[in-house]
Amino acid sequence: MKKTLTVSIAAYNVENYLRQTLDSCIVPEVMDELEVLIVSDGATDGTVAIGKEYEAKYPNTFRVIEKKNGGYGSTVNRSMSEATGKYFRLLDGDDWFDKEGLAEYIRSLRESEADYVINRIYTCQDGTDIRTLSDPHWGELEGTTQNIRDIHCEFTIGIWHTTVKTEILKQHPFTLPEHTLYTDQIFIMRTMPFVHTVQFEFTPLYCYRVGRDGQSVSRESRIKHADEEMKVVAAQVKYLSTCGELTADNKEAVMSRATLYYYYGIVTLLLMPPSWKTYRRIRGFEKRTKELMPELYRAAGKYSKKIAGMRLTGYPGYLVYAGKVENFH
């Protein structure tokens, strides 16, 4: 039976979470339409053994792929190359799906021809049963399919919300960098230029675990991995400066998302303790962006009044915010 959805699970030393992740994919009425790729990124714990248990019991759904450690991006690269489903999405090895949501989602995907299919997510506090349903800016569009040019709201999505038509990945292949965090931003940025229709689903699907030590979204981790985040943002600026795929349909949405990633990068630098090194880094980054992608540079100034203010003062305003930024907008 042709697969409706390929799920890529990045699995590096997640033995304490993986059973919950895989159990959430066991929904008998839709499992024949589900392809789950469990990509062990050189795991050294019981991750592979657990994955093989599920592969043996449900060989038509689960498949374990073992590879040398290359970081999160390398697991997505491998899954994209092997995906056979009509649609493709990511699931972290310590997160899980809502089972009722998954069944409903796959039924919807059977009939859908949209390039992106978007759903709300639950954020779930680690070690508790507490769930919070996200309240996105695009909630008013649930139950509709829109041309991307007609989405008149801040189109803020992440990989937890997003399923992409596999055909886009096959026709416009790309490779995510290895041993680098925040490559989910590149995944969105390298697929969105080819998106023209977006379907917004009512049913929440993804359960995103928060509060676990070492998560890449924490303040401490963002500071620690600032170099990686800026590498990712710089790669997006370079890609957009040479990308000839933007159309009247999707340019506004792509630029809106790129502006948000740019803003995140500046905020990460401002989370760091003040230093002249960081001051020079911000100025240099802004200068390169202005040269390569002036449209993005201008958009970032419009998006954040404080970024605009720093520019007007020649960046001395950096010292006012450095080390204590929480909400920079």
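A pocket, for this tour, is an open set of grid points with protein on both sides within 12 Å along at least five of seven lines, and its lining residues are those with an atom within 4 Å of a point. Keep that in mind, and remember that you're looking at a predicted model.

**Stop 1: a pocket**

Select E154, E252, M255, S256, T259, L260, E295, R298, A299, K302 and Y303, and you've got the lining of the second largest pocket. The volume there is about 200 Å³. Which helices show up in this lining with at least two residues each? They are α9 and α11. Try colouring the lining by residue type: you'll get four nonpolar, two polar and five charged residues.

**Stop 2: one residue of that lining**

Now pick T259, another name from the pocket lining. You'll find T259 in helix α9. Is T259 buried or exposed? Its relative accessibility is 4%, and buried means under 20%, so T259 counts as buried. Show its surroundings too: leaving out residues up to four places away in sequence, T259 touches L296, A299, A300 and Y303.

**Stop 3: a closed space**

Hang on to L296, since it also helps line the largest cavity, together with V233, Q236, V237, L240, A258 and Y262. There's one cavity of 30 Å³ or more in the structure, and the largest holds about 30 Å³ of space. Helices α8 and α9 each put at least two residues into the lining, with α8 giving the most, four residues. Colour this lining by type and you'll see six nonpolar residues, one polar and no charged.

**Stop 4: helix α10**

Next, select residues 276–292, which make up helix α10. Here's a quick check you can do with the distance tool. With 17 residues at 1.5 Å a residue, α10 should span 24 Å, and its end C-alpha atoms are indeed 24 Å apart, so the two agree. Which residues of α10 are buried? Highlight T278, Y279, I282, G284, F285, E286 and T289. These buried residues pack against α8 (226–242), α9 (251–271), α11 (294–303), α12 (305–312) and α13 (318–321), so switch those helices on as well.

**Stop 5: the nonpolar core**

In soluble globular proteins, nonpolar side chains tend to be buried together. Here, the largest nonpolar core has 98 residues. To get your bearings, select the ones with the most contacts inside it: F62, Y116, F155, F187, M192 and V198. Helix α9 supplies the largest share of this core, 13 residues.

Zoom in on F187. What is it in contact with, once neighbours within four places in sequence are set aside? The list is V76, M80, F88, I159, V164, L169, F174 and L176.

**Stop 6: two loop residues**

Finish with a pair of backbone oddities. Start at N13, in the loop between β1 (5–11) and α1 (18–23). Its phi is positive, about 50°, although N13 is not a glycine. With 30% relative accessibility, N13 counts as partly exposed.

Then jump to Y182, in the loop between α5 (166–171) and α6 (183–191). What is the phi of Y182? It's near 70°, again a positive value in a residue other than glycine. This one is buried, though, with a relative accessible area of 10%.

Definitions and conventions: Residues are numbered from 1 along each chain as its sequence is written. This is a predicted model: local features need pLDDT of at least 70, side-chain atom pairs count only at pLDDT 80 or more; totals for chains, interfaces and linings use all residues. Side-chain values use heavy atoms; hydrogens and water are left out. The expected span of a helix is 1.5 Å times one less than its number of residues. Buried means under 20% relative accessible area, exposed over 50%, partly exposed in between (1.4 Å probe, protein chains only). Contact means heavy atoms within 4.5 Å. On a 1 Å grid over the protein atoms alone, a cavity is a set of points where a 1.4 Å probe fits but cannot get out, and a pocket is an open set with protein on both sides within 12 Å along at least five of seven lines; lining residues have an atom within 4 Å of a point. Grid points are joined across faces, edges and corners, and a volume is the space filled by probe spheres set on the points. Ala, Val, Leu, Ile, Met, Phe, Trp, Tyr, Cys and Pro count as nonpolar, Asp, Glu, Lys and Arg as charged, and the others, Gly among them, as polar. A nonpolar core is a set of buried Ala, Val, Leu, Ile, Met, Phe, Trp, Tyr and Cys residues joined through side-chain atoms within 4.5 Å.
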